Amino acid sequence: MLKLQASESILSKDTTTGDDACAYTIIDNALLVSVLCDGVGSAARGGTAARQVVKFFIDQFKNRPRAWDIPKTMEVFTRHINSLLFKESMTQYGKVELLTTLALAVVEGDKLHTLNLGDSRIYLLKLTGEFRQLSTDHTMDDEHLSHILTSACGLSENIDPVITTTTIEIGDTAVLCSDGVYNLFSQSDFCDLIKKGLGASSIVHHAAHNCKHENRDDMSLQIFRIESLDPLHAMKNSPLPIPQTLVEGQIIDGYTLISPLMEHKRIWKALKDAEYYVMKFPMNDDQDSLDAFVREAWYVKQISHKAFGRAWVPDERSMRYYLMELVEGINLREYLKHRTLSVDNAIELGKFLHRAEAHLLHLGLVHGDIKPENILVYQRKGEAGVRFKMIDFGSIVEIFSQNSRAGTPTYLAPERFEGSVINESTEIFSIGVTLYWALTAQFPYGEIEPFQTPSFKTPKRPSKLNSNIPLWLDSVIMRSIAILPERRYRHYSELFYDLKSPEKVKPFFCTSTPFIERSPVAFYKIGFIILLLLEIVTFYLYVTK
């Protein structure tokens, strides 16, 4: 995940809006797009052009074609907005009036891609202390004409943008600024201020305070200190092929493919050095499949809890795949095809799911698709009881993702159908539905088809369908699958506490449950008091006749 310390500031020379504009965005926690423009003051609509260009790049990068690499995206978008500005100028004014400089910087993985038109600058301060200018000033060579631009956005119909790509590291700092900033400093003084860790606003106001008003121009500055880089980019851009066909007996890096474990033949049982493994390959070589597989493989590298089967990405691979330990067992749905889960095993299953999800939470993740098919049941030699493993790394997502209906509809919390984020409470709902089904062979809200928008009605209590379920566990399950989030467990720890402390579980009742069922003692006490009052009133009326 890309993390950075970002600051930006714009200070106009006068009380007007000014001609500078800048903005940045971080897309998918992985891509920084920063753009800074200085509208040319001699042009009637320089400020308008600057703001238009900034908005264009921020909006367009969010919807860029995924098949384009970043340099191509930068070039195509720059040519397009330049052409739009030039044509609008010619149409409305008959001359260039929508004119602005452009400084564009994009961080992708460990690469900083830069492009500039005009004299707005891009610098890079390395962690080593080296401070260098990555942009080129497009101005006249004559020192007396250095204020005249030879290239700018909107200056001519055709441009030839140059894009540079620089390798960056954690601790490096990227800087974008207009000439109104760098003209007030020597490069060494400017570098010293950046090194001190000052924010953009502090530097801009420091410069404004220490110069005469007549020497000032509009000032804009952006500073990005890199705290972590997106490791997924390196994995994604590794030059590893994706095998198109896989057949029994094929040998890949010493692993012999024995038999496919799924119909699509992208997950295989494999043998190496007398040990069996599971090999998983990408489904296809299209961009979406590759992105999904790389993210899945990255999560595999982070997960280390025994609730999950051991999985890893080999350091030396000739193809794209990752490996998992082979656990001999069947999924929970198959295991319970002709039986229901015992109460003791159901309690253990609930605790197991808590441990698995708690580990993911520590990594900022959730499973996203808890259901019987994704829970492996197995037995160890010499043991009578069953054990569980979580499978399907492909469904794992970051917590608080707004991932539409990702998951299986029957197990989704009601708010997920309305676009709510995935969180602990929605995952607990899936755990509750799984336990309900495992103990009763029925779903609390029925089976829900994909793309169906269901209506949720009060379900039967699981103890009504399976008399072996104790009342405390009945309440735990009902609270887990509560329709309203505010009546449901909010955190995994709350669920786990109740599972291991049956004597402390508070009864749970649906809002439609009659008062006599929710609190029979209170019901009869109130009834007794009402009857007593009626008797007193009747006696009083009789005596006073």
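**Packing around helix H9**

In this predicted model, helix H9 and helix H10 are roughly antiparallel to each other, because their axes cross at roughly 160 degrees, and angles over 145 degrees count as roughly antiparallel. The axes of H9 and H10, the latter spanning residues 424–440, come within 10 Å. The crossing of this pair is right-handed. On the H9 side, the contact is made by Val343, Ala346, Leu349, Gly350, Leu353, Glu357 and Leu361. The partners contributed by H10 are Glu424, Glu427, Ile431, Thr434, Leu435 and Leu439. By class, the residues of the contact between H9 and H10 comprise eight nonpolar, two polar and three charged.

Helix H9, which covers residues 343–362, also packs against helix H13, formed by residues 492–500. Here the axes lie 10 Å apart, and the angle between the helices is about 155 degrees. H9 and H13 are therefore roughly antiparallel to each other as well. The crossing of H9 with H13 is left-handed, whereas that of H9 with H10 is right-handed. In the contact with H13, H9 supplies Ile347, Gly350, Lys351, His354, Glu357, Ala358 and Leu361. These residues meet Tyr492, Ser493, Phe496, Leu499 and Lys500 of H13. The residues of this contact divide into six nonpolar, three polar and three charged. Gly350, Glu357 and Leu361 of H9 take part in the contact with H10 and also in the contact with H13.

Helix H9 is further associated with a sheet, lying across strands E19 and E20. Relative to E20, the helix runs at about 30 degrees. The sheet is open and consists of three strands in the order E17-E19-E20, with antiparallel pairing. Its edge strands are E17, comprising residues 330–331, and E20, comprising residues 387–390, each of which pairs on one side only. Strand E19 is formed by residues 375–378 and pairs with E17 in the antiparallel sense over two bridges. Within this pairing, Asn331 stands opposite Leu376 of E19.

Aromatic contacts were examined across the whole structure, and the search finds 21 aromatic pairs. Among them is the pair of Phe56 and Phe77, which has an edge-to-face arrangement, with 6.0 Å from centre to centre and 80 degrees between the planes. This pair links distant parts of the chain, as the two residues are 21 residues apart. Phe56 belongs to helix H1, which spans residues 46–62, and Phe77 to helix H2, which spans residues 70–92.

Definitions and conventions
Residues numbered from 1 in each chain as written. Predicted model: local features only at pLDDT ≥ 70, side-chain atom pairs only at ≥ 80, totals over all residues. Heavy atoms only, no water. Pairing = 2+ DSSP bridges. Helix = DSSP H or I, 4+ residues; strand = E, 2+ residues; numbered from the N terminus. Contact = heavy atoms within 4.5 Å. Axes fitted to C-alpha atoms, helices over the stretch in contact; angles between N-to-C directions. Parallel < 35°, antiparallel > 145°, perpendicular 65-115°, else oblique. Left-handed = near helix turned anticlockwise from the far one by under 90°. Nonpolar A, V, L, I, M, F, W, Y, C, P; charged D, E, K, R; others polar. Phe/Tyr/Trp six-rings, centres within 6.5 Å; stacked < 30°, edge-to-face > 60°.
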